[in-house]
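Trainee: I'd like to learn how to read strands, sheets and cores. Can we go through them together?

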Amino acid sequence: MLGEATASNATTRGRRSGRPNRAIRALRPAVATLAVGLLVAGAVSGAGSATAQEQPRNPGGAAANLGRLTAHGPVTIRDAGEEWKAEAGLFEMTVTGGGTLQSYSIDLRTPAREGTTYKEVGWEQSSLHGNRNAGKIRWILEHSYPQVNDLAELAQKAGVKTLDDKAAAAGTQAAIWRFSDNVEARPADPGAGRLAAYLTRAARSAPQPPASLALDPPAVAGRAGERVGPVTVRTQADRVTVALAGDAPSGVKVVSKDGKPVTAAKGGDRLYFDIPADAEGGTSALSVQADAPIPIGRALVSDTHSQTQILAGASTSTVTADATATWAGQKASGAVPALSAKKNCAKGGVGITATNAGDAPFTFELLGASHTIAAGSSRTVTIPLQEDQAYDLTVSGPGGLRKNFKGVLDCETAGTVAIGTADAPANRPTPATGGNPAPLTADGAAGSSEDLAATGASAATPMIGYLALGMVAIGACAVVLLRKKKPAADAASDPAPDDE
């Protein structure tokens, strides 16, 4: 059901009710800056010299590049007194390592940037967090095109004589936007309109789908002479391959609970890093990989401000996940920390989790406050962020310990769309730009390297210009990208506590 690529539905244009189309050229960029320094004050005694380590490159699941719309049709969007046209339909994505995905948009007003890399995440890490209608979106995906590819059957349910793939995709997307963006979306095709109405009425809540592949937790700690872990495999695949990082110290192995070397595993299996007793303190990583189906309804997000997607169809695809281990020497005493990070949209920030497998407290400073993790315990400290902030956080400590976490907090659908010009090329593909901020002009304003009407960004989208400001704060900096967002329908909005 993967057709020829034609266009992106990222672009929007429209008109005010009762008024002619006109360009809104007055840009009001909202800018904010965040300088975050993370200084780890606890030492890993006996853990060896400075070790620079990165967050696992893939916390789990599929990674794919966004293509163009393959089956689509025009719709009229009405919201808050505004009216504009958009192209509604099904995207195709190419999976890194092999496989093809199909997806629908769940963030109408954000441009979709062709070629952007997306990763599979749970609803809690996307604009579906707190959206009480998220389950209805999954129901629509399971009961419409392309999961139901018998178009005669789908037409009968919608109460129309016939449906082609374009009308089926447009009608399905229109129904999804009702629940993801809380807008009225009316397809131009009468059959697509009837399908959208049927799906909206019939939708029932369905549970969030599980991850295609994940490792839990993504970081563990211990001592030489021990089996450090466990790391539990979460997957519906029949089999996953297991491999230790190529730069692992001599003698380190991945084993099962009984100490047998492991090269393959299944869902629920527990993996351990077997560290030789004479090993000095250090770190290593393991990777798991499988060819597996990805559950329909998984969210797909990027770190470059590209339109959030939701999985509608998938071939068997390559999925991967990584986990790291940190250990101290067998006779060493003191704290032995493991650090990881995860976006938490419900709390509006990024949670830094510190686990201490040592025999002494682990103390670190975060945004000027000290936090102590008792021996043998774990704690998560949440760093509040503005919506659309790009973060680059480095945890550093004595002996040169460093761990870096990067990403963008993208947890809401975009704010009210602007009105474009009458001749703006609606819904043309938008090339990926890598998510870089707009360059600064001589007077300090955010410049633009591309024409907004041509690229699909709406002229009055609340955050169009970005301000990039470098600040050094004890070994870390954060570049901030702030764009006003509109919460999804029925979405909860909770303040972000400092820790949990």
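Mentor: Sure! Start with pairing: two strands count as a pair if DSSP finds at least two bridges between them. Keep in mind that this is a predicted model.

Trainee: Okay, how many bridges join strand 21 to strand 22?

Mentor: Eight, and the two strands run antiparallel. Strand 22 covers residues 349-356. For one facing position, look at Lys-343, which stands opposite Val-350 in strand 22.

Trainee: And in what order do the strands of that open sheet come?

Mentor: The order is 21-22-25, three strands with antiparallel pairing. Strand 21 (337-344) and strand 25 (378-384) are at the edges; each has a single partner strand, so one side of each has no neighbour in the sheet. From one strand to the next, the twist averages 20°.

Trainee: Let's move on to Thr-232. Is Thr-232 buried or exposed?

Mentor: The general idea is that a residue is called buried under 20% relative accessible area. Thr-232 has 9%, so Thr-232 is buried. You'll find Thr-232 in strand 12, residues 227-235. Skipping neighbours within four places in sequence, Thr-232 has contacts that include Ala-214, Asp-216, Gly-268 and Arg-270.

Trainee: What about cores? Which residues have the most contacts inside the largest nonpolar core?

Mentor: Those are Ile-77, Tyr-104, Leu-271 and Val-288, in a core of 89 residues. Helix 3 (residues 165-180) gives the most to this core, with nine residues. There's also a second, separate core of 20 residues, and among them are Ala-341, Cys-345, Val-350 and Tyr-391.

Trainee: Val-350 again!

Mentor: Yep, Val-350 is the residue opposite Lys-343, and Val-350 belongs to that second core.

Notes. Residues numbered from 1 in each chain as written. Predicted model: local features only at pLDDT ≥ 70, side-chain atom pairs only at ≥ 80, totals over all residues. Heavy atoms only, no water. Helix = DSSP H or I, 4+ residues; strand = E, 2+ residues; numbered from the N terminus. Buried < 20%, exposed > 50% of the residue type's maximum accessible area, 1.4 Å probe, protein only. Contact = heavy atoms within 4.5 Å. Core = buried A, V, L, I, M, F, W, Y, C linked by side-chain atoms within 4.5 Å. Axes fitted to C-alpha atoms, helices over the stretch in contact; angles between N-to-C directions.
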